[in-house]
Structure formats: C-alpha cells, structure tokens
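Biologist: Can we go through the ligand and the pockets together? Start me off with any term I need.

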Amino acid sequence: MKRMTCLIVLEDYQALAREAARAVARKLLEKPDLVLALPTGDTPIGMYRELVRLHREGLVDFSQVTAFNLDEYLGIPPDHPQSFKSYMCQHLWDQVNLKEERLHIPASLPEDPDGECARYEGLIQEAGGIDLAVLGLGRNGHIGFNEPGTPFESLTHVAQLSEETRKREAQAFGGLERVPKKAITMGIRTIMNAREILLLVSGVEKAEALSRALSGPITPEVPASVLQLHPRLTMLADAAAAGSLPNLT
Ligand code: GLP
C-alpha cells in the first residue's frame, strides 16, 4: 500500500473540530458501515459537536456504524460522571442514531480485567478490524491510555496511569486520591492495526508532544511516535499545537 501521511494545520480549535468532523463524515459517506475507534478528552468535543450537527442536518447517518472506544477507566461505575461511557453518551451516543448493539467500550468494573481485554480485542476482530481510529494526544505523548514505556506490540490491556495523567484529572474527580489508577485501553498494536488514523492535536501545551510524535525518534517513551510508521495517517493540528514544528512558523 502506498504510504500517505498528511499534516493539516488549522487556524484554531473551531477549524480543527470542523475539519475532523468532515474527515469522519467523508469516510461515513464512502462506507456507511464504518468501524470507528473513538477518543475522549477535551480535544474531540468540538468534533463530536459538529458531527451531531451534521447528523441533525441529515448529512451523516450512524445507523450502520460500529464504534469502539479507545479506553475506559477501571474501578468506577459506568454511570460515574467521569467515566468515558458517560462522556460518550453525553457527546455522541445519545445524540445520534448509533445502534446500541454496535457501541462498545471496555467494562469499568469487570470481574476479570484481563478476560475483558481479550473479549474487547476479540470484538474488534469480529467486526473486521477498525477502519478509522480517531486519536487525541496526551501531553506525555500517550495515545489512548498507552503511557510512555508501553510496548509497541501491546493489544488491549490493563494500563497503569502515570502520575502526570492522574494529576491532570484530579480536579475533575474531586481529588487525586479519587482518580482511578488503572484503565483498559486498546494497545499500540490494536491502534496501529487500524486501516486509517486521524490524530487530533490542539493547544500550545501539546506542541512539544506533537513535535516529538511527528519528527522525534520512534520510541516507546513517546507512544505516539509509532504513528510515523502508519501507512495512512492524517494529523490535524491547530496553529497553537503546530507552532514548534520545524518549517511551519
Ligand atoms: C486521556 C485519554 C486520551 C486523550 C488524552 C488527551 O488520557 N485517554 O485518549 O487523547 O486524555 O486529552 P485532552 O484532549 O483532554 O488533552
């Protein structure tokens, strides 16, 4: 397959959100039964808002889509306000015509977490693999909850969250001690197996991570650096995030 890597720099967050939604909408028009991997975090909120708008305008139909979340916290109930399930219901699932039986997210209170990881990976295989994985980028270069040091060959697994990642969530959870220490995440291999990847990066605080991901050494210390090897990668960055990239300023 011909390798296609594309970096598109957008003026600001709104433009990034619109372009991300259009990229997903175009894929949906091409393949109505798309299998998507979807992220959480602040970055994709605008994309979801725009996708919901396009759906309400009758331009985007999710009725045949299968969606897999990239990750979910372990140890909190699924209806906890900070669970990724609650996030997805709020921003997408309850707003469009996705079919419940084709919505997947790792269980947050599984009896057997390793079994749950294997089940989740199996569901992705059964669905025929992921057509398009939409990703955010952590400040430390993580993708999903694949923190620095995660082996590149990892499949869906139980991940220990880094102190840095937990501290960032402390306020939302009402204190660091309430932030889960573990999560289930698609692995790096699971993500790299997607036929196409769309990476969304916004804000000056992500500039260093983007620069390391895009042009630094490919190393597990910067999980997103592995994306340099993906055959079909599109990166959407706003000007603030792209500011430190060579030849762009
Ligand atoms: C969390 C999620 C990631 C997300 C990252 C960045 O760690 N597990 O999937 O990409 O946060 O979030 P934000 O977009 O809020 O910076």
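Modeller: First, a polar contact here is a pair of N or O atoms within 3.5 Å. Also, keep in mind that this is a predicted model.

Biologist: Okay. How far is the backbone N or O atom of Asp42 from an oxygen atom of the ligand?

Modeller: That distance is 2.7 Å. Thr43 has a polar side-chain atom 2.4 Å from a ligand oxygen. For Arg168, a polar side-chain atom lies 2.6 Å from an oxygen of the ligand.

Biologist: And how much of the ligand does the protein bury?

Modeller: The protein buries 96% of the 390 Å² that the ligand exposes when taken alone.

Biologist: Which residues surround the ligand most closely?

Modeller: The closest are Asp42, Thr43, Asp71, Arg168 and Lys206, out of 14 that surround the ligand. By class, the shell has three nonpolar, six polar and five charged residues.

Biologist: Which pocket is that space?

Modeller: The ligand takes up the largest pocket. Its volume is about 830 Å³. The lining has 39 residues, and Thr40, Gly41, Asp42, Arg168 and Glu169 are the closest to the centre.

Biologist: Which element gives the largest share of that lining?

Modeller: α5 does, with six residues of the largest pocket's lining.

Biologist: New topic. How much space is in the second largest pocket?

Modeller: About 320 Å³. There, 17 residues form the lining, and those closest to the centre are Ala23, Arg26, Lys27, Glu196 and Thr234.

Biologist: What gives the most to that second lining?

Modeller: α1, with five residues. The classes in the second largest pocket's lining are nine nonpolar, two polar and six charged.

Conventions
Residues numbered from 1 in each chain as written. Predicted model: local features only at pLDDT ≥ 70, side-chain atom pairs only at ≥ 80, totals over all residues. Heavy atoms only, no water. Near = heavy atom within 4 Å. Polar contact = N/O pair within 3.5 Å; in protein donor to acceptor, adjacent residues only side chain to side chain. Areas by Shrake-Rupley, 256 points an atom, 1.4 Å probe, with all protein chains shown as cover. 1 Å grid on protein atoms, 1.4 Å probe; cavity = no way out; pocket = protein on both sides within 12 Å on 5 of 7 lines; lining within 4 Å. Sits in = over half its atoms within 2 Å of the grid points. Nonpolar A, V, L, I, M, F, W, Y, C, P; charged D, E, K, R; others polar. Points joined across faces, edges and corners; volume = space filled by probe spheres on them. Helix = DSSP H or I, 4+ residues; strand = E, 2+ residues; numbered from the N terminus.
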